[in-house]
Amino acid sequence: MLDIHLIKIRVVSLFVFFALCFSLSAAENKKKPNFLFILADDFGWTDAACFGSKFYETPSLDKLAAEGMKFTNAYAACPVCSPTRASILTGKYPARLDTTDWFGAPQPSTAKNHWTKNKPLLPAVYKEYLPHEEVTLAEAFKAGGYATFFAGKWHLGHSEEYWPENHGFDINKGGWASGSPSGKGKYFPPYGNPRLTDGPKGEHLPDRLATETINFMKSKKDSPFLAYLSFYSVHNPQVGREDLIAKYKAKKKEMGLEVKWGQEGDRKVRLVQEHAVYAAMVEGMDMAIGKVLNALEDMGLADNTVVFFMSDNGGLSTSEGQPTSNLPLRCGKGWLYEGGIREPMIVKWPGVTRAGAVTDSVVTSTDFYPTMLEIAGLREVAGQNYDGKSFVPVLRGENVSRGAVFWHYPHYGNQGGSPGSAIRDGKWKLIRFYEDMHVELYDLDDDIGETNNLAEERPEIVRELNSKLDKWLDEVDAKYPSSNPNKK
């Protein structure tokens, strides 16, 4: 790995050299746009009020949507966290990176000790780290003269050599191997986090991460920066502020809400948003987002800061407490149905995005990489190819199509999903399931809930999408699940 580190240092040094060759004067440099990227964890498509929730309260996200552009067809590159996070930072599909499952999920060699040990298939082998040969967003921005900062959940490598500070971030507050708060206090001190010191008793983790982000922005207010605020919220464990939990228990009673269940395979699926603790976690995160956005205003930086908001996968609805509902979407985290991959997304680019704009343009998490580099004027600095396509024209109000988007999840999800691949092209979506190789076809314009499988009725569409999917899988050298010799 040392050789890779040396190569990477030399390559990034070349980027720095070329960036400096074309650098602007100090006065012009201050005019470069700042970037604030906000990433939520396990936050479902309808978990914000501006995306349809009647129970959860998200005034900060609602305000951001009112001031920016809301995307109704935005997707994560995977129905679980680590792969999507890698796709954002590299602009590449998880299948191309071989980072197709959350880092810590079973490998083929360890599946015998997992609950899936008697399933028909063994999962595909995958890398449990973000490869150093990839040039991340942070490295590209750093080479372009930006200060870079990371706060919150990382989950892109078990050892320190793969943590944020070794992937281009100047400062790392809270990013390490764990995918959820793991200390005794969970979302309160003690955090048990080697990259985040414990705060005072009662400190709330989302608020702390907001404070750290604000401190960084204040320290760099006279130079361009990339601040990457990656919340642990609203991932399990379900722990919220007691005052907010009490608020939502009362609200649930006032609204007359009761838990309702459906069935998806062998899993129960929550059908109503009424979970008071989850609602408290949602509002706690929203408060932290508002704190950061207000700080941008107070510092006079809001008009020169491009803000992105996204979630890494769908809301948790079929296991591990099933705290939210993604209706009208089917299923949630861990599934290739829309509930697992369609995400709430908002972008505010001052002076460019029209306030309150809504777009149904299809975008996916690989697209952030080229989009952000283009806005920053750093497209050539990255020095690598990527799968993403810039959606700058969409932000400018143009009606353009990025073409087909793809997914490859050759694993069993903890939440009930099974190994498969998928493609969306226009209104059509095809899912291929590897246990028996059956396919399902949905017209998302007419059937957003994926209730009417049209595979038998539209064989010509199935053939076309299968062909495109096969071509893409070959192109990215996708790894596949294998037969399980231990299946009983």
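Two strands are said to pair if DSSP finds at least two bridges between them, and this idea will guide the walk through the model, which is a predicted one. By that definition strand 14 pairs with strand 15 (residues 439-443), since five bridges join these antiparallel strands, and within this pairing Leu430 stands opposite Leu441 of strand 15. The two strands form a hairpin with five residues between them, and in its turn Met437 has a positive phi of about 65°.

Strand 14 (residues 428-433) also has a partner in strand 13 (residues 420-425), to which it is joined in the antiparallel sense over six bridges, with Ser421 standing opposite Arg432. Here the hairpin has two residues between the strands, and Gly426 takes a positive phi near 65°.

In a regular strand the side chains alternate between the two faces of the sheet. For strand 14, both faces are covered: Trp428, Leu430 and Arg432 are buried on one side, while Lys429, Ile431 and Phe433 are buried on the other.

Elsewhere in the model, eight strands make an open sheet with mixed pairing, in the order 5-4-6-1-9-10-2-11. Its edge strands, each pairing on one side only, are strand 5 (171-173) and strand 11 (357-364), and the twist from one strand to the next averages 15°. Inside this order, strand 9 (residues 305-311) and strand 10 (residues 342-348) run antiparallel and are joined by three bridges, and Phe308 has Val347 of strand 10 as its bridge partner. Helix 7 (residues 205-219) lies across strand 1 (34-40), strand 4 (147-152), strand 5 and strand 6 (225-230), and it runs at about 180° to strand 6.

Conventions:
Residues are numbered from 1 along each chain as its sequence is written. This is a predicted model: local features need pLDDT of at least 70, side-chain atom pairs count only at pLDDT 80 or more; totals for chains, interfaces and linings use all residues. Side-chain values use heavy atoms; hydrogens and water are left out. Helices (H or I, at least four residues) and strands (E, at least two) are DSSP runs, numbered from the N terminus. Axes are lines fitted to C-alpha atoms, for helices over the stretch in contact, and angles run from 0 to 180 degrees between N-to-C directions. Contact means heavy atoms within 4.5 Å. Buried means under 20% relative accessible area, exposed over 50%, partly exposed in between (1.4 Å probe, protein chains only).
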